[in-house]
Amino acid sequence: MRARRRRGVAGVGPGYRDRLRALGLVLPLLIFLGVTFLAPLGTMLLRSVYDPVVADALPATLTALRGWDGEGLPPEAAYEAAAREIGAAREARTLGQVASRANRLQSGLRGVFTRTGRDLREVTEGPWREAMAAIDSAWVDPGTWHAVRAAGERFTARHYLNALDMQRLADGSVARQPEERRIYLPLLWRTLLVSLAITVFCLVLGYPIAHLIAHARPRRAGLLLALVLVPFWTSLLVRTTSWIVLLQTQGVINDLLVAIGLIGDDGRLSMVYNMTGTLVAMTHVLLPFMVLPLYSVMRSIPPLHMRAAASMGATPAQAFRRVYWPQTLPGVGAGSLLVFILAIGYYITPALVGGSSGQLISNMVAYHMQTSLNWGLAAALGALLLVGVLVLYLLYDRLVGVERMSLGS
């Protein structure tokens with residue numbers, strides 16, 4: 001019995017130690033992925049639905065508003081609680097955060113909260129409704145209290161509603177934003193269309209380039225491949241600003257067109273700070289991500305296949321369509337998916353050369369992160385982009401199959 005136990009321990013021990021050793025080798029990578037990818041992603045998704053600032057600052061006010069039916073004005077208890085908690089938030093220096101949350105739901109409330117917090121220091125007793133109404137008439141507007149109650153929800157879908165140009169009305173129903181405030185859905189559609197157009201442009205330009213490199217002599221292929229890789233060795237900022245120099249009204253391309261007589265000096269083309277500049281610059285930046293997967297697949301295709309098709313009577317077009325093109329589909333799929341995913345989240349190039357008409361949804365995400373500080377809406381927009389990419393990936397897997405997407409051998 002003891003020998004059997006020793007054999008069992010001896011048999012399990014080395015395998016267990018091997019698993020521990022393998023886990024120790026992989027653990028740094030898992031920690032790196034968790035810290036740099038999973039944690040930021042989880043934080044972003046949480047921020048898109050969780051906003052406790054108002055709920056933490058005005059708990060008694062929100063409790064008093066729960067019994068309010070939304071008709072007329074809330075009870076005196078809500079005014080008293082709001083007066084005391086606004087004063088406390090001002091002392092704690094959190095009133096600005098509360099005001100900004102309420103202002104996102106009803107314009108002008110930032111000033112109302114700031115003015116109320118300042119002037120309430122001189123008020124020591126009620127009635128609080130009259131006191132707050134004397135400071136600002138917004139406090140006798142039911143819309144103000146609807147905004148306060150909506151802003152006090154810890155878990156909310158309003159960021160996603162805003163990202164889809166929707167809004168929740170006072171009665172709880174959901175409706176579309178007024179036409180002049182619908183900005184995010186058009187930007188989302190523009191981003192998808194621009195990303196698709198850039199993917200097509202990169203495929204049309206990159207396919208013959210990859211074919212040329214794959215079938216060139218080794219020394220020439222190395223030189224051509226180095227030229228494709230030059231953008232990776234050049235700063236993205238330098239490449240983007242170079243296109244500004246080339247495309248601007250007084251730039252190199254317009255000067256050349258005027259010099260050869262294709263256009264007049266008063267008819268110079270506007271090719272920058274618009275969608276044209278965005279398409280040209282992003283296609284140039286992302287073209288290598290299409291060429292490299294295509295080249296990797298094409299160089300693994302034996303030339304014998306095309307010669308065999310020709311020997312059986314196929315024309316060059318037929319041989320390409322029925323023999324060569326199907327074998328390059330894994331590279332086409334890999335390059336297209338890579339370019340599309342990169343294009344849908346691109347920020348620097350549209351920001352520099354896009355102007356107002358060439359901006360994408362990523363620019364709006366950056367605006368809310370850096371300027372308006374509405375991180376919840378920025379997170380919701382980013383989550384919608386993430387869902388869109390995942391849906392396209394699953395659609396590609398269903399129609400083509402991810403297992404066919406390879407970079408060659």
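In which helix does M298 lie? M298 lies in helix α14, and I would like to start from that helix, after a word on conventions. What we have is a predicted model, in which local features need pLDDT of at least 70 and side-chain atom pairs count only at pLDDT 80 or more, while totals for chains, interfaces and linings use all residues. Residues are numbered from 1 along each chain as its sequence is written, and side-chain values use heavy atoms, with hydrogens and water left out.

Helices here are DSSP runs of H or I with at least four residues, strands are runs of E with at least two, and both are numbered from the N terminus. Helix α14 covers residues 275-298, and at 1.5 Å a residue its 24 residues should span 34 Å, which agrees with the 33 Å between its end C-alpha atoms; the expected span is 1.5 Å times one less than the number of residues. Within α14 there is nevertheless a kink of about 40° at L286, shortly before the proline P288, where the bend at a residue is taken as the angle between axes fitted to the seven residues ending there and the seven starting there.

At its N-terminal end, α14 is capped by N274, a side-chain oxygen of which lies 3.1 Å from the backbone nitrogen of T276. A polar contact of this kind is a pair of N or O atoms within 3.5 Å; within protein, one must be able to donate a hydrogen and the other to accept it, and residues adjacent in sequence count only if both atoms are side-chain atoms. In the loop between α13 (252-259) and α14 we find Y273, which has a positive phi of about 60° although it is not a glycine.

How many of the 24 residues of α14 are buried? The count is 18, so that the helix is mostly covered, with buried meaning under 20% relative accessible area, exposed over 50%, and partly exposed in between, for a 1.4 Å probe and protein chains only. M298 counts as buried because its relative accessibility is 1%, whereas Y273 is partly exposed, at 47%. If we take contact as heavy atoms within 4.5 Å, and do not count residues up to four places away in sequence, M298 touches Y207, A210, H211, A214, Y324 and T328. M298 and Y207 are 91 residues apart in sequence, yet 9.7 Å apart in space, C-alpha to C-alpha.

Let me turn to the packing of nonpolar residues. A nonpolar core is a set of buried Ala, Val, Leu, Ile, Met, Phe, Trp, Tyr and Cys residues joined through side-chain atoms within 4.5 Å. The largest such core has 32 residues, and those with the most contacts inside it are L58, I86, V98, F113, M132, W139 and W145. The elements giving two or more residues to this core are α2 (53-57), α3 (59-66), α4 (76-91), α5 (95-105), α6, α7 and α8, and the largest share, six residues, comes from α4. I86, leaving aside its neighbours within four places in sequence, is in contact with L58, L95, F113, T116, G117, M132 and W139. Apart from this core lies another, of 27 residues, among them I198, L225, M282 and Y324.

The aromatic residues deserve their own look, since the structure holds eight aromatic pairs. Rings of Phe, Tyr and Trp (for Trp, the six-membered ring) pair if their centres lie within 6.5 Å, and planes under 30 degrees apart count as stacked, over 60 as edge-to-face and the rest as tilted. The F113 and W139 pair is edge-to-face, because the ring centres are 5.4 Å apart and the planes stand at 70°. This pair links distant parts of the chain, with F113 in helix α6 (residues 109-119) and W139 in the loop between α7 (128-135) and α8 (142-151), 26 residues apart. W139 also pairs with W145, in a tilted arrangement of 5.2 Å centre to centre and 55° between the planes, and Y79, F113, W139 and W145 form one aromatic cluster.

Finally, two single residues. S336 is found in helix α16 (residues 316-344) and counts as buried, at 17% relative accessibility; a polar atom of the S336 side chain lies 2.7 Å from the backbone oxygen of V332. R93, in the loop between α4 and α5, is exposed, with a relative accessible area of 78%.
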